[in-house]
Structures are given as C-alpha cells and as structure tokens.
Amino acid sequence: MRTVILSSVLLLVFSASIRAAEFRGITMGLVSTSWNTQLPPAVAQQAGFFKEEGLEVRAVTIAAGGPIMMALLSSGEAQIVAAGAVAILRGIASGAPAVIVGGFLDKPDYALIGAKGLKTLADLKGKVVGSTGAGSFSEFAVTESLRRKGLIRDRDYTLIPVGGTAIRVAALQAGKIQAAPLSSGERIGVEENGFPVLLEIGKTIPEFPFTVLAATKSFAVSNPDNVAGLLRALDKATSLIQKNKDAAVQLGKAYGLRGDIQTQRKALNYVADDFNVRLKKENLAALLNVIGIKKAPEEFFDESFLSRAFSTR
C-alpha cells in the first residue's frame, strides 16, 4: 500500500510539473541519477544529436526503481523511459500499454560489493544483501547471479529492498547489510575505501539486457519517425562515449551531471562498451525465460523501430 501511495504522489507531482511547463517535445523518464543512465541522453543533448534528428527531448529522473518508472510510462506522463528490463517486461506482461523499442545497457552494470572483512561469496552465507527494491532489476540480478554461483535466496542469504544507491552504500558502511549491488560509478569509491568486490554480476549473467527503452504504444504508433530519430541520436551518443570517453565525460559535466569527474571517467572503463540501443530479440527471450514469463519476445519488443532507424544507415 505504501508503494502505491508513493507512486501516486510521484506521478501527481511529475504530472503537475509537466503541465506547468507546457512542454511539447518528448519527455524521457530516467530511472537513476547514475551516469550510466544519464550519460547517453546528456551526450545526445550536448553534442546536438537530438537536434540533428529534429527532436526536442527533456529527460526527467525519478530514482525510484523500475516498477515506478513503469507506472510513469503507463500514466502517459512520459513518452519514453529508460528503465530496468525486468520491470518493463513484467509491466507489459501485466497489461501496461507499452512496447520496448530498443536497448540501452546490454548487460548488468553491477558488481556485488561486500562488507569489509568478507573475502569470498561463501562468506555471504547467513548474511543480508540489499537491493534497490522489490521487483527491481538489481533484485533479479543479485538473485540470478548468486544462484549461478550456488547461493540460493532465503536459504543461503537474505535479500531485502533498501533503496537507491546512496542508501545502499550507507547501509553497507553502517553494517546493516553485508553486500549490495553497485554500478560502475559507485563501486570505485567504496572499493578505494576497502570494500571488496565479491562478484562481477555483469560477467556472470552477460546475456541479459540490463536497461531498455520503452515507449507508450500510442506514442510509438503515432510517432514512429520520432522514435527512430531518438534511437539514432542515442546511438550516436553511444558511439561518441565509446570512442572518446574523455570528451563524453566533459559533455556530461557541461550538461550538469553531478559527481566527481575523475571517478566517472574511471567508471566508463567498466561500462562504456555495454551501451547499445540495438537490442537483440534473443537476449530478451533469454531474460523472459529466466524470469518465468512464458511469452514470445515479439509480444514485448517491436523491432520495426530499430529497422526504421538504421536500415538506410
């Protein structure tokens, strides 16, 4: 009930802010304040790639996990969101009027960071791991990657929803949890402070797309060229990030992204190659299978927008 109320409040506040601004372009919802989520649209904006496609795009962040982002999309207050693939798939499977139009990060950008004193995954037995929230991608990623390493949730360890990155880090430092999944930008600081990497989650479950782009069905059907243009702009941004990390970080800074620039530059070494809008149907099928949704990927993912974006380029 508390989650429903929180979702409703967030949506009402967000809706009011949009109406007040009378924004007529594309509103793109982002699930996290991390540079991994923010950098591609920031680069696309600062480098003029959205403008080249004739698009006016406004990115709005509600760092509250994939399920709330799915609610935001379903409400129609955002036309496109970049959010965890699991939450998007489950939302669509439950009847949300949305469709996946492309990828964003094609593998999990998480490392499982342990409390000081832990050395191996075996040390996690009987311990508490903190994820972002119930139904979030981090919950799935931790559960599935540890399962592949022989650790079963509720038998070998307890997994609890903790919240966003800052809250997870604080809980880890305070000893309230003994491990947490952290993305590349956040892991560097805690590693330098002596917290060990217990597992490279992305390398353990590399076949599963981490973050995807989803649009409302009504927007996608009515504006296929705009969707294709947004995919092209983000693809150009991805290419720039991968070819010139230093320039990408400077563009992110100019856009207003917060955080230590040197840390974010180091973080790109972990994640840059994983940015990819060209989602593959077989990877989505693998994810659907492991989360127990017995439906074809075509029921969730419309490849025609990627075809429209790149068929003549």
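**Sheet, packed helix and aromatic contacts**

In this predicted model, helix α5, formed by residues 85-93, lies across strands β3, β4 and β10 and runs at about 115 degrees to β3. These three strands belong to an open sheet of five strands, in which the order is β2-β1-β3-β10-β4 and the pairing is mixed. Strands β2 (57-61) and β4 (98-105) occupy the edges; each has a single partner strand, so one side of each is left without a neighbour in the sheet. On average, neighbouring strands of the sheet are turned by 25 degrees against each other, direction ignored. Strand β3 (residues 80-84) and strand β10 (residues 211-216) run antiparallel and are joined by five bridges. Ala83 has Val212 of β10 as its bridge partner.

Five aromatic pairs are present in the structure. One of them is formed by Phe140 and Phe208 in an edge-to-face arrangement, with 5.6 Å from centre to centre and 65 degrees between the planes. Because Phe140 lies in helix α6 (residues 137-148) and Phe208 in the loop between α9 (201-204) and β10, the pair ties together parts that are 68 residues apart in sequence. Phe140 is buried, its relative accessible area being 8%, and Phe208 also counts as buried, at 2% relative accessibility. Both rings belong to a cluster in which ring pairs link Tyr110, Phe137, Phe140, Phe208 and Phe210.

Contacts between charged groups and rings were also identified. The charged end of Arg187 sits over the ring of Tyr270, at 4.1 Å from its centre. Arg278 lies over the face of Phe310, 3.8 Å from the ring centre.

Notes: Residues numbered from 1 in each chain as written. Predicted model: local features only at pLDDT ≥ 70, side-chain atom pairs only at ≥ 80, totals over all residues. Heavy atoms only, no water. Pairing = 2+ DSSP bridges. Helix = DSSP H or I, 4+ residues; strand = E, 2+ residues; numbered from the N terminus. Axes fitted to C-alpha atoms, helices over the stretch in contact; angles between N-to-C directions. Contact = heavy atoms within 4.5 Å. Phe/Tyr/Trp six-rings, centres within 6.5 Å; stacked < 30°, edge-to-face > 60°. Buried < 20%, exposed > 50% of the residue type's maximum accessible area, 1.4 Å probe, protein only. Lys NZ or Arg CZ within 6 Å of the ring centre and 35° of its normal.
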